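User: I am new to this structure and would like a close look at a single part, the nonpolar core and what lies around it. Could you walk me through it slowly and explain the terms as you go?

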Amino acid sequence: MSKSIIQTEKECYICRRWYAVKTTRGLEEHHVLNGPLRSFSERHGLKVWLCHQHHNEPGMSPHYNVTCAQTLKAVAQAKYEEKNGPGAHAAWMAAVGKDYINA
(Lines give C-alpha, C1' and ligand atoms only; values in the text may rest on other atoms or scores of the structure.)
Protein backbone atom coordinates (compact mmCIF):
# COMPACT_ATOMS: atom_id res chain seq x y z
CA MET A 1 0.00 0.00 0.00
CA SER A 2 1.52 3.33 -1.07
CA LYS A 3 1.46 6.49 0.99
CA SER A 4 -0.75 9.41 -0.04
CA ILE A 5 0.95 12.23 -1.92
CA ILE A 6 -2.08 14.43 -1.25
CA GLN A 7 -2.02 14.58 2.54
CA THR A 8 0.54 13.93 5.26
CA GLU A 9 -1.78 13.75 8.28
CA LYS A 10 -4.17 10.85 8.82
CA GLU A 11 -7.36 12.90 9.12
CA CYS A 12 -10.50 13.41 7.06
CA TYR A 13 -9.44 15.48 4.06
CA ILE A 14 -12.90 17.01 3.59
CA CYS A 15 -13.46 17.83 7.27
CA ARG A 16 -10.10 19.63 7.36
CA ARG A 17 -10.25 21.40 3.99
CA TRP A 18 -13.89 22.51 3.92
CA TYR A 19 -14.80 22.76 7.60
CA ALA A 20 -11.43 23.33 9.39
CA VAL A 21 -12.17 20.38 11.68
CA LYS A 22 -9.65 17.67 12.50
CA THR A 23 -11.45 14.31 12.32
CA THR A 24 -9.22 11.31 13.03
CA ARG A 25 -11.70 8.60 14.06
CA GLY A 26 -13.49 6.18 11.78
CA LEU A 27 -11.34 6.99 8.76
CA GLU A 28 -11.60 5.16 5.46
CA GLU A 29 -9.13 5.26 2.59
CA HIS A 30 -10.51 6.74 -0.62
CA HIS A 31 -8.79 6.14 -3.96
CA VAL A 32 -9.39 9.37 -5.87
CA LEU A 33 -9.41 7.57 -9.22
CA ASN A 34 -11.62 4.51 -8.98
CA GLY A 35 -12.80 1.68 -11.19
CA PRO A 36 -10.14 0.64 -13.71
CA LEU A 37 -7.88 3.48 -12.48
CA ARG A 38 -7.87 2.35 -8.85
CA SER A 39 -4.51 0.60 -9.29
CA PHE A 40 -3.08 3.83 -10.79
CA SER A 41 -4.31 5.69 -7.68
CA GLU A 42 -2.73 3.09 -5.41
CA ARG A 43 0.58 3.03 -7.28
CA HIS A 44 0.96 6.81 -7.25
CA GLY A 45 -0.51 7.64 -3.83
CA LEU A 46 -3.59 9.36 -5.23
CA LYS A 47 -5.76 8.73 -2.19
CA VAL A 48 -7.07 10.54 0.84
CA TRP A 49 -8.44 9.65 4.25
CA LEU A 50 -12.13 10.40 4.72
CA CYS A 51 -14.46 9.94 7.67
CA HIS A 52 -17.33 7.55 6.94
CA GLN A 53 -19.82 10.38 6.42
CA HIS A 54 -17.61 12.04 3.83
CA HIS A 55 -16.71 8.75 2.16
CA ASN A 56 -19.89 6.75 1.77
CA GLU A 57 -22.91 8.83 2.74
CA PRO A 58 -25.02 11.19 0.59
CA GLY A 59 -24.04 14.85 0.80
CA MET A 60 -20.41 15.91 0.59
CA SER A 61 -19.03 12.53 -0.45
CA PRO A 62 -17.14 11.78 -3.67
CA HIS A 63 -19.33 8.70 -4.19
CA TYR A 64 -22.49 10.84 -4.24
CA ASN A 65 -21.37 14.39 -5.04
CA VAL A 66 -19.88 14.98 -8.51
CA THR A 67 -18.41 18.36 -7.54
CA CYS A 68 -16.61 16.80 -4.58
CA ALA A 69 -15.28 13.95 -6.76
CA GLN A 70 -14.09 16.36 -9.48
CA THR A 71 -12.38 18.59 -6.91
CA LEU A 72 -10.49 15.65 -5.40
CA LYS A 73 -9.45 14.50 -8.89
CA ALA A 74 -8.14 18.00 -9.73
CA VAL A 75 -6.14 18.05 -6.48
CA ALA A 76 -4.77 14.57 -7.23
CA GLN A 77 -3.77 15.60 -10.75
CA ALA A 78 -2.02 18.74 -9.49
CA LYS A 79 -0.08 16.76 -6.86
CA TYR A 80 0.84 14.07 -9.40
CA GLU A 81 2.12 16.64 -11.90
CA GLU A 82 3.98 18.57 -9.18
CA LYS A 83 5.67 15.41 -7.91
CA ASN A 84 6.59 13.99 -11.30
CA GLY A 85 7.87 17.17 -12.99
CA PRO A 86 8.26 17.78 -16.73
CA GLY A 87 6.29 15.35 -18.82
CA ALA A 88 3.93 14.52 -15.97
CA HIS A 89 0.92 16.10 -17.66
CA ALA A 90 1.45 13.97 -20.77
CA ALA A 91 1.86 10.85 -18.58
CA TRP A 92 -1.34 11.75 -16.68
CA MET A 93 -3.27 12.21 -19.92
CA ALA A 94 -1.95 8.91 -21.31
CA ALA A 95 -3.00 7.00 -18.19
CA VAL A 96 -6.16 8.85 -17.12
CA GLY A 97 -7.36 10.46 -20.35
CA LYS A 98 -8.93 13.52 -18.69
CA ASP A 99 -7.58 16.86 -17.51
CA TYR A 100 -9.43 17.65 -14.27
CA ILE A 101 -7.54 20.89 -13.61
CA ASN A 102 -8.56 22.55 -16.87
CA ALA A 103 -11.95 20.87 -17.19
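Analyst: Happy to help; here is a walk through the core, its aromatic rings, its cysteines and the helix beside them.

First, a word on the model. The model is predicted, so local features need pLDDT of at least 70 and side-chain atom pairs count only at pLDDT 80 or more, while totals for chains, interfaces and linings use all residues. Residues are numbered from 1 along each chain as its sequence is written, and side-chain values use heavy atoms, with hydrogens and water left out.

Let us begin with the core itself. A nonpolar core here is a set of buried Ala, Val, Leu, Ile, Met, Phe, Trp, Tyr and Cys residues joined through side-chain atoms within 4.5 Å. Buried means under 20% relative accessible area, exposed means over 50%, and partly exposed is in between (1.4 Å probe, protein chains only). The largest nonpolar core has 23 residues, and those that touch the most other members are I6, C12, Y13, L33, F40, L46 and W92. At least two residues of this core come from each of α1 (13-19), β2 (47-51), α4 and α5 (88-96). The biggest giver is α4, which supplies six residues. The names α and β stand for DSSP runs, numbered from the N terminus: helices are H or I with at least four residues, and strands are E with at least two. As background, nonpolar side chains in soluble globular proteins tend to be buried together.

Now for the rings. A pair of aromatic rings is described by the distance of the centres and the angle of the planes. Rings of Phe, Tyr and Trp (its six-membered ring) pair if their centres lie within 6.5 Å; planes under 30 degrees apart count as stacked, over 60 as edge-to-face and the rest as tilted. Searching the whole structure turns up four aromatic pairs. One of them joins Y13 and W18 edge-to-face, with 6.4 Å centre to centre and 80° between the planes. Y13 counts as buried because its relative accessibility is 12%, whereas W18, at 33%, is partly exposed. Another pair, F40 and Y80, is tilted, at 5.6 Å centre to centre and 50° between the planes. This pair links distant parts of the chain, since F40 belongs to helix α2 (residues 38-44) and Y80 to helix α4 (residues 66-84), 40 residues apart. F40 is buried, with a relative accessible area of 6%, and Y80 is buried with a relative accessible area of 6%.

F40 deserves a further look. Together with Y80 and W92, F40 forms one aromatic cluster. Contact means heavy atoms within 4.5 Å. Leaving aside residues up to four places away in sequence, F40 touches L33, L46, Y80, W92, A95 and V96.

Two rings also have a charge beside them. A charge sits over a ring if NZ of Lys or CZ of Arg is within 6 Å of the ring centre and within 35 degrees of the ring normal. For W18, the charged end of R17 sits over the ring, 5.3 Å from its centre. For W49, K10 lies over the face, at 4.3 Å from the ring centre.

Next come the cysteines. A disulfide is a pair of cysteine sulfur atoms within 2.5 Å, and the search of the whole structure finds zero disulfides. C12 is in no disulfide, and the nearest cysteine sulfur, in C15, lies 3.6 Å away. Why is there no bond at C15? The closest cysteine sulfur to that of C15 is in C12, and at 3.6 Å it is too far for a bond. C12 is buried at 0% relative accessibility, and C15 is buried at 8%.

Finally, consider α4, the helix that gives the most to the core. The expected span of a helix is 1.5 Å times one less than its number of residues. With 19 residues, α4 should span 27 Å, and its end C-alpha atoms are 27 Å apart, so the two values agree. The buried residues of α4 are C68, A69, L72, K73, A74, V75, A76, Q77, Y80 and E81. Their cover includes α1, β1 (27-31), α2 and α5.

For contrast, look at the loop between α1 and β1, where both R25 and A20 are found. R25 is exposed, with a relative accessible area of 73%, and A20 is exposed at 61%. A20 also has a positive phi of about 55°, although it is not a glycine.
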